[in-house]
Amino acid sequence: METITPRSTNGIPAEKLDLNSKNDSKQQIIYTRDHFHTEFDTNAYLTDFYTKIEDPAMQLVLTFLPSIVARLPPRKRLADFGAGPTIHVAACFRNHVDEIYLADYLPQNREELQRWKNGESKFDWGAALRMMLTREGKDWSKVVETEAETRAKVFDIFYANCFEQPSIQCGKDLEGKFDIITSVFTMEYCCNTKDEYQTAIKNVVEQVIPGGYFIMGGILEETWCSFGGRKFTCLFITKEFMLDCLREAGCLVDDEKNCYLLEVNGMFLVCAKKAEN
Ligand SMILES: C[S@@+](CC[C@H](N)C(=O)[O-])C[C@H]1O[C@@H](n2cnc3c(N)ncnc32)[C@H](O)[C@@H]1O
């Protein structure tokens with residue numbers, strides 16, 4: 001496995017995923033996954049994390065995902081698992097795959113994705129796309145074109161649940177046939193125990209074809225994080241445990257040609273190939 005640990009540009013640790021701290025009483029409560037349906041505020045989430053992209057976690061993805069994408073061979077089909085209401089991961093892959101599917105657990109997020117797909121979303125993805133274009137070495141005049149190209153590649157939006165099999169409700173034709181699955185800042189928030197985390201990763205990787213890739217971003221050794229003016233619990237995981245789970249799920253984490261791990265301030269991005277059989 002190739003491990004890269006760049007120096008932080010801002011020195012903000014992962015626990016400061018709390019940029020949007022608002023002094024209302026709800027900010028004092030730590031919600032769990034049982035509150036997602038009522039407390040995950042889709043608009044607040046987008047505004048907090050994707051209008052100015054000051055948050056180090058989101059910066060990590062937009063800064064480094066384009067270079068992971070550039071190292072991968074072009075593939076047919078990608079799913080972004082736990083996409084939330086976001087399209088930036090899809091945008092990073094727009095020129096690399098033929099078909100993109102967005103999958104999320106919450107109806108409010110899938111509705112926003114559908115609005116975006118229909119060209120009816122009010123959210124401006126300009127800041128995120130500009131950051132991504134910079135990393136791709138392209139100029140900012142291409143923002144509108146980039147969003148349109150991404151929209152054209154997004155074929156469908158599915159319900160996803162990492163505790164179910166199949167974990168993406170995509171119909172028999174697509175089940176287990178994704179060449180690449182991405183999942184960013186999702187697993188730690190869905191899982192209350194390490195056993196659940198292990199099962200969740202297995203269920204998601206099961207949807208990747210043999211020889212395909214699983215790309216995951218997450219937070220290490222943290223117990224809560226804040227978004228949309230709410231604090232949510234986050235499962236405390238170590239890097240070693242996360243890699244064990246990928247290994248158990250059939251990912252080639254011990255082979256440096258087939259696994260790339262980036263760590264910055266307690267956050268990680270990992271790209272691992274799934275064994276051929
Ligand atoms: C912090 S958001 C991450 C969204 C997006 N990937 C990003 O990077 O901004 C966590 C996502 O996990 C999803 N989620 C919650 N429980 C889930 C489950 N059981 N299975 C799959 N996704 C789930 C939520 O709907 C939410 O969109």
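This report describes strand pairing, helix packing and one partly exposed helix residue in a predicted model.

**Strand β9 and its partners**

Strand β9 covers residues 230-233, and its side chains alternate between two faces. Arg230 and Phe232 point to one face and are buried, whereas Lys231 and Thr233 point to the other face and are not buried. Strand β9 pairs with two strands, β2 and β8, as set out below.

| Strand | Residues | Sense of pairing with β9 | Bridges | Residue opposite Phe232 |
|---|---|---|---|---|
| β2 | 30-31 | parallel | 2 bridges | Tyr31 |
| β8 | 224-227 | antiparallel | 4 bridges | Cys225 |

The buried residue Phe232 thus has a partner in each neighbouring strand: Tyr31 stands opposite Phe232, and Cys225 is bridged to Phe232. Strands β8 and β9 form a hairpin with 2 residues between the strands. In this hairpin, Gly228 adopts a positive phi near 55 degrees.

**Helix α2**

Helix α2 spans residues 42-50. Its buried residues are Thr42, Tyr45, Leu46, Asp48, Phe49 and Tyr50. These buried residues pack against helices α3, α5 (107-117) and α6, and also against strand β8. Strand β8, in turn, is joined to β9 by 4 bridges.

**The contact of helices α3 and α6**

Two of the helices that α2 packs against, α3 and α6, also pack against each other. Helix α3 comprises residues 56-71 and helix α6 comprises residues 126-135. Their axes lie 9 Å apart and meet at an angle of about 45 degrees. Because of this angle, α3 is oblique to α6. The crossing of α3 with α6 is right-handed.

Which residues of α3 and α6 meet? On the α3 side they are Leu62, Thr63, Pro66 and Ser67, and on the α6 side Ala128, Met131, Met132 and Arg135. The residues of this contact divide into 5 nonpolar, 2 polar and 1 charged.

**Thr199 in helix α9**

Thr199 lies in helix α9, which runs over residues 194-205. Is Thr199 buried or partly exposed? Thr199 has 19 C-beta neighbours inside 10 Å, and therefore counts as partly exposed; a residue is classed as buried at 20 or more. Thr199 and Glu164 are separated by 35 residues in sequence, and their C-alpha atoms are 9.5 Å apart in space.

Definitions and conventions. Residues numbered from 1 in each chain as written. Predicted model: local features only at pLDDT ≥ 70, side-chain atom pairs only at ≥ 80, totals over all residues. Buried ≥ 20, exposed ≤ 12 C-beta atoms within 10 Å, placed from the backbone. Axes fitted to C-alpha atoms, helices over the stretch in contact; angles between N-to-C directions. Parallel < 35°, antiparallel > 145°, perpendicular 65-115°, else oblique. Left-handed = near helix turned anticlockwise from the far one by under 90°. Contact = placed C-beta atoms within 7 Å. Nonpolar A, V, L, I, M, F, W, Y, C, P; charged D, E, K, R; others polar. Pairing = 2+ DSSP bridges.
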